[in-house]
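Reader: I have a pile of "why do you call it that" questions about this one. Can we go through them with the coordinates open?

Author: Sure, pull it up and fire away.

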Amino acid sequence: MTPALVLAGWLACAAAAPAAEIRARFIGNMALQLTDGKVTLRSDFPYESGYSGYMTWTDALVPPASGETLCLVTHSHRDHFLAALAARHCTRLLGPADVTAALPDRALKPESSAAFGPILVKPLATPHARLEHYSYRVEWSGLAFYFTGDTEDASELLRQRGLDVAFVSPWLLRSATKGGARIDARRVVVYHHATGEAVPEIQGRELPRQGDELIFSKE
């Protein structure tokens, strides 16, 4: 199916869907589980627990999925993705080629857009460590999310308009707002922070702890 047909089909479904409440659980690093009660999205998960000194996790931090699960992975570093666990946690998988090779029969291609039930994902190539790396804009039942991943370049983030939630690393938050610039998002949530890390309170940023639940809606 071409990207244009994917988008047309998703728009037809989205037009009939009311704005949703999306509940999220912070698992660790850049791993979040979001659900509308019907489908589930997991970002940068499953990853290798404790890799490079980053956050450990156990199954107790991962709520049961609601319906099918899309794993949305920015890149292949092991603090973001561990291929050996992908089959257990992902119904479908979207990410760079060295990520989707773990589950080729479940992979979505990172084209101009990809649909997963009520979710429309727009992969955006962003630079990081000479790897294939994507940031993602996700449109989901009236809400717009942006997952930056590990990129050090804030230009794509600052081009985004009308975001409800921007998930950003501490270093990208500092870079994006340097000189007084602002991220066009109602909420800015920091992820991939170290436990106890002091992150400047820029633009009302939220700093979840592992296991925290976040609720997103238009209200």
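Reader: Which residues does A65 touch, leaving aside neighbours within four places in sequence?

Author: A65 is in contact with Q33, T40 and R42. It's a predicted model, by the way. A65 is found in the loop between β3 and β4.

Reader: Why is A65 called partly exposed?

Author: Its relative accessibility is 36%. Buried would need under 20% and exposed over 50%, so at 36% A65 counts as partly exposed.

Reader: How far is A65 from H77?

Author: Their C-alpha atoms are separated by 24 Å, with the two positions 12 residues apart along the chain counted as the offset.

Reader: What else sits in that loop between β3 and β4?

Author: P46 lies there.

Reader: And what makes the bond joining F45 and P46 a cis peptide bond?

Author: Look at omega: it's about 0 degrees for the bond that joins F45 and P46, and the bond is listed as cis.

Reader: Moving on to T74. Why does T74 count as buried?

Author: T74 has 2% relative accessibility, and the cut-off for buried is under 20%, so T74 counts as buried. T74 lies in the loop between β4 (69-72) and α2 (83-89).

Reader: Which residues does T74 touch, not counting those up to four places away in sequence?

Author: D44, H80, P96, E132, H133, Y134, Y136 and G149.

Reader: What makes phi of A129 worth flagging as a positive value?

Author: Phi of A129 is near 50 degrees, and A129 is a residue other than glycine. R130 gets a flag as well: its phi is positive, about 60 degrees, although R130 is not a glycine. A129 is found in the loop between β8 (119-125) and β9 (134-140), and R130 lies in the loop between β8 and β9 too.

Reader: Why is R130 called exposed, and why is A129 called partly exposed?

Author: R130 has a relative accessible area of 87%, which is over 50%, so R130 is exposed. A129 has 48%; that falls between 20% and 50%, so A129 is partly exposed.

Reader: Which residues have the most contacts inside the largest nonpolar core?

Author: L34, V138, F145, F147 and F216, in a core of 38 residues. Take V138: not counting residues up to four places away in sequence, V138 touches L41, L72, I119, L120, V121, L143, A144, F145 and F147. Apart from that core lies another, of 15 residues, with L157, A166, A176 and I183 among them.

Reader: How do you know that the radius of gyration agrees with a compact globule?

Author: With 219 residues, a compact globule would have a radius of gyration near 17 Å; the protein has 16 Å, so the two agree. Along the principal axes, the C-alpha trace spans about 45 × 35 × 35 Å.

Reader: How many of the residues count as buried, and how much area does the protein expose?

Author: Of the 219 residues, 49% count as buried. The protein exposes about 9,700 Å², with carbon and sulfur atoms supplying 54% of it.

Reader: What does the secondary structure come to, and how far apart are the mean positions of the charges?

Author: There are 5 helices and 13 strands. The mean positions of the 22 positive and 24 negative charges are 2 Å apart.

Conventions: Residues numbered from 1 in each chain as written. Predicted model: local features only at pLDDT ≥ 70, side-chain atom pairs only at ≥ 80, totals over all residues. Heavy atoms only, no water. Helix = DSSP H or I, 4+ residues; strand = E, 2+ residues; numbered from the N terminus. Rg over C-alpha atoms; globule rule 2.2 N^0.38 Å. Buried < 20%, exposed > 50% of the residue type's maximum accessible area, 1.4 Å probe, protein only. Areas by Shrake-Rupley, 256 points an atom, 1.4 Å probe, with all protein chains shown as cover. Lys, Arg positive; Asp, Glu negative; His and termini not counted. Charge placed at Lys NZ, Arg CZ, Asp CG, Glu CD. Core = buried A, V, L, I, M, F, W, Y, C linked by side-chain atoms within 4.5 Å. Contact = heavy atoms within 4.5 Å.
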